[in-house]
Amino acid sequence: MSTRAEQHTATLLRRERLSDHLLRLVLGGLHDFASTGVPDEWVGLVVPGQFQSRYYTVRSFDPAAGELVLDVVVHDVGLVTEWAQLDGIEGQQVVVTDPKGSFALPDDAGWLMLVGDLTAMPAMARILERCELPATVWAEVPERLPSYLPERGEVHWLAQPGDGQSALAEVVGDLSWPEGPGYFWMAGESSQMRAIRKHLMREVRLPSTHYDVMGYWRGGQGRQPRAVDPGPIWRAGKAAGKSDEQIWADYDAAREEQA
Ligand SMILES: Cc1cc2nc3c(=O)[nH]c(=O)nc-3n(C[C@H](O)[C@H](O)[C@H](O)COP(=O)(O)OP(=O)(O)OC[C@H]3O[C@@H](n4cnc5c(N)ncnc54)[C@H](O)[C@@H]3O)c2cc1C
């Protein structure tokens with residue numbers, strides 16, 4: 001059995017600027033793609049000229065049209081960040097992997113708490129659309145996006161501290177927890193997440209089935225030093241019957257294109 005995610009080729013149909021930092025990509029041609037139905041499901045996205053994936057939440061998928069919507073946060077540098085803002089990329093092909101999801105609402109949950117930064121907004125919007133429990137949201141964002149979320153629940157907009165910092169760990173530390181069992185979902189910069197999980201487990205004493213805390217991105221590491229992954233070139237070369245020398249020449253060429 002293969003452990004590799006199934007991949008699908010899609011075409012960038014159109015883009016829409018949702019805010020200064022959020023860009024909507026609509027990908028078409030995905031007639032062989034199937035949603036898992038899990039509200040925070042994500043796909044791996046490989047953009048042209050790249051071999052590394054970046055992960056994006058399925059904001060929506062229309063199976064009849066074969067169209068997938070991803071909402072991409074654009075930050076200072078980055079593989080997807082830079083490609084997504086280039087002129088005239090409509091019509092280009094990208095690769096997306098089969099989706100996977102992590103949100104798992106326990107049967108006894110009576111409330112929902114969602115905490116995240118801008119990268120978590122697509123998932124938080126989709127969770128609110130699909131889950132009817134009373135919900136409270138804490139969103140740490142560079143600009144408020146009230147119309148982005150469905151009109152339900154209590155939403156706290158938190159200003160993002162400067163320098164890529166986040167105060168979400170303190171927010172979670174100060175939360176007043178509703179009575180009875182519920183479900184806590186959170187996503188944001190990775191370095192805070194371990195401490196937050198520890199807090200939920202030790203101080204709040206949430207059972208591990210009642211929270212889901214994910215590091216969506218890593219700060220402070222600069223642009224990826226190895227932007228071209230040799231794995232896919234190697235596998236494709238082998239499948240095409242190429243010699244090792246040819247495969248490494250292909251790899252060098254890909255890195256030169258990248259530089
Ligand atoms: C399951 C999952 C779901 C996700 N869903 C979404 C989504 O729906 N929308 C979305 O935009 N992102 C989402 N992300 C986060 C996204 O995958 C990362 O932000 C990714 O690193 C962006 O890729 P890039 O190529 O633009 O930048 P990279 O090349 O990965 O990084 C370049 C530089 O930018 C910095 N950086 C990366 N992300 C951010 C950021 N968000 N803010 C500030 N600096 C950053 C890095 O530290 C690095 O220095 C998700 C991640 C996961 C794991």
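How do the residues of the shell around the ligand divide into nonpolar, polar and charged, and what are the counts? In this predicted model, the split comes to 11 nonpolar, 10 polar and 4 charged residues. Altogether, 25 residues surround the ligand. T57, V73, G78, T81 and W217 are the closest of these.

Next comes the question of where the shell residues sit. Four elements each supply two or more of them, namely β4 (54-57), β6 (67-73), α1 (79-84) and β12 (211-217). The top contributor is β4, which gives 4 residues to the shell around the ligand. On the level of domains, both domain 1 (7-101) and domain 2 (112-217) take part, each with at least three residues in the shell.

Two of those ligand-facing contributors, β4 and β6, also turn up in a sheet of 7 strands. This sheet is open, and its order reads β4-β3-β7-β1-β2-β6-β5, with antiparallel pairing. At its edges are β4 and β5 (60-62), each of which pairs on one side only. On average, and leaving direction aside, neighbouring strands of the sheet are turned by 40° against each other. As a general point, the strands of a sheet pair through backbone hydrogen bonds, in either a parallel or an antiparallel way.

For a look inside the sheet, take strand β2 (residues 22-28) and its partner β6: 6 bridges link the two in the antiparallel sense. Within this pair, L27 stands opposite L68 in β6. So β6 has a part in two stories here, giving two or more residues to the shell around the ligand and pairing with β2 in the sheet.

Definitions and conventions: Residues numbered from 1 in each chain as written. Predicted model: local features only at pLDDT ≥ 70, side-chain atom pairs only at ≥ 80, totals over all residues. Near = placed C-beta within 6 Å. Nonpolar A, V, L, I, M, F, W, Y, C, P; charged D, E, K, R; others polar. Domains from an automatic or database assignment. Pairing = 2+ DSSP bridges. Axes fitted to C-alpha atoms, helices over the stretch in contact; angles between N-to-C directions.
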